[in-house]
Amino acid sequence: MSVLTTPEKPAIPTYSLLQNSSIGSSMIEVREASENCGVFKLDPAFLLPHRKDYYLFVLVKKGDNRHWVDFTPYTIKPDTFYFTVPQQVHLKEHAGQMEGFMASFTDEFLQLEENRTLKQLPIIQNPAGAHELLLTTADVDFIEDVMRKMVAEFNADGTWRNQMLTSWLRVLVIYLSRLYAEQFSESCLTLSYCLLKSFQEFIGKHYDTLHEVADYANLLNLTPGYLNDVIKQQSGKTAITHIHERLIVEAKRRLLHTELSVKQIADELGFDDAAYFNRFFKRIAGTPPAGYREQIREMYS
């Protein structure tokens, strides 16, 4: 398993909704696939490691694809809900067919004034790094009904279409967030919790250049001590631990999915010294980068 890289092409490509949309949509798309109206056919490019820069919600009715999200394998099960958030690394093991409903939407869509409250909901924030929700028969019926209405509205292109889509998406996201909270013990949303999420969002944007708590405290207009106190109270982990964990996740992604050397990975993640990066990785992951690459690929194959 290897990925050829060049300076012009990222080791792990990121696909936009516009690139993958069947109709050229850039912010939201809703689709149904069934025996009567075709099946979802996966882009062959998805058989290589990649990221999506959009949110993807899928209610699976039929299908048995197997795929990975970051370091966890999943086998698709009928009557199960699957979701991903931007920048997770995906890999499909084969481009099989699937029936169900799919909703894709971007962060740009969530930034619209009428949609901003959706971004704070658990299924969007996904603090547990989850990917699937188990559904009862009642859950399947409710979600299928809502997504079927979304498909009809999306395809009708009628008056106030976007407002209707937003309304149905709001219902869907709230319903799924209730299930998420039940299945992943989501904490209540407070100002301190929102600070935790803002901190994590900044890490997601700047992990390859900013490695110190003080850097993020400055972005949030807080003192490092106060930021660390709130983050530890909300998550049980220090602020620097969050920064280090994100660096380790990104390093593991590259070790698994690319042929970049350890030095190249260290450079990409903002480490000036490859030897220090080796020590840093071993201290947190328990094994050197090269050893981790060998272990994870043996499990992955």
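Q: In this predicted model, why does Phe277 count as buried?
A: Its relative accessibility comes out at 1%, and buried means under 20%, so Phe277 makes the cut.

Q: What about Phe281: buried or exposed?
A: Buried again, because Phe281 sits at 0% relative accessibility and the cut-off is under 20%.

Q: What makes the ring pair of Phe277 and Phe281 tilted?
A: The ring centres are 6.2 Å apart, and a pair needs them within 6.5 Å. The planes meet at 55°; under 30 degrees would be stacked and over 60 edge-to-face, so what remains is tilted.

Q: How far apart are Phe277 and Phe281 along helix H11?
A: Four residues, or about one helical turn. Both also belong to a cluster linked by ring pairs, together with Phe271, Tyr276, Phe280 and Tyr292.

Q: Why is the pair of Tyr55 and Phe105 called stacked?
A: Here the planes are at 15°, and stacked asks for under 30 degrees. The centres lie 5.4 Å apart, which is within the 6.5 Å limit, so the rings do pair. Both residues are buried.

Q: What makes this pair a tie between parts separated in sequence?
A: Tyr55 lies in strand S5 and Phe105 in strand S10, so the pair joins parts that are 50 residues apart in sequence.

Q: How do you know that Asp145 and Lys149 form a salt bridge?
A: Their closest N and O atoms are 2.8 Å apart, and the criterion is within 4 Å, so the contact qualifies. Both residues lie in helix H4, four residues apart, about one turn of the helix.

Q: Why is Asp145 called partly exposed?
A: Its relative accessible area is 38%. Buried would be under 20% and exposed over 50%, so Asp145 falls in between. Lys149, with 32%, is partly exposed too.

Q: What makes Glu250 buried, and how is Arg246 classed?
A: Glu250 has a relative accessible area of 0%, so it is buried. Arg246, at 21%, counts as partly exposed, because buried means under 20%.

Q: How do you know that Glu250 has salt bridges to Arg246 and Arg254?
A: The N to O distance is 3.0 Å for Arg246 and 2.9 Å for Arg254. The limit is within 4 Å, so both count. Arg254 is buried, as is Glu250.

Q: Which residues are joined into one network by salt bridges that share partners?
A: Arg51, Arg246, Glu250, Arg253, Arg254 and Glu268.

Definitions and conventions:
Residues are numbered from 1 along each chain as its sequence is written. This is a predicted model: local features need pLDDT of at least 70, side-chain atom pairs count only at pLDDT 80 or more; totals for chains, interfaces and linings use all residues. Side-chain values use heavy atoms; hydrogens and water are left out. Rings of Phe, Tyr and Trp (its six-membered ring) pair if their centres lie within 6.5 Å; planes under 30 degrees apart count as stacked, over 60 as edge-to-face and the rest as tilted. Helices (H or I, at least four residues) and strands (E, at least two) are DSSP runs, numbered from the N terminus. Buried means under 20% relative accessible area, exposed over 50%, partly exposed in between (1.4 Å probe, protein chains only). A salt bridge is a side-chain nitrogen of Lys or Arg within 4 Å of a carboxyl oxygen of Asp or Glu.
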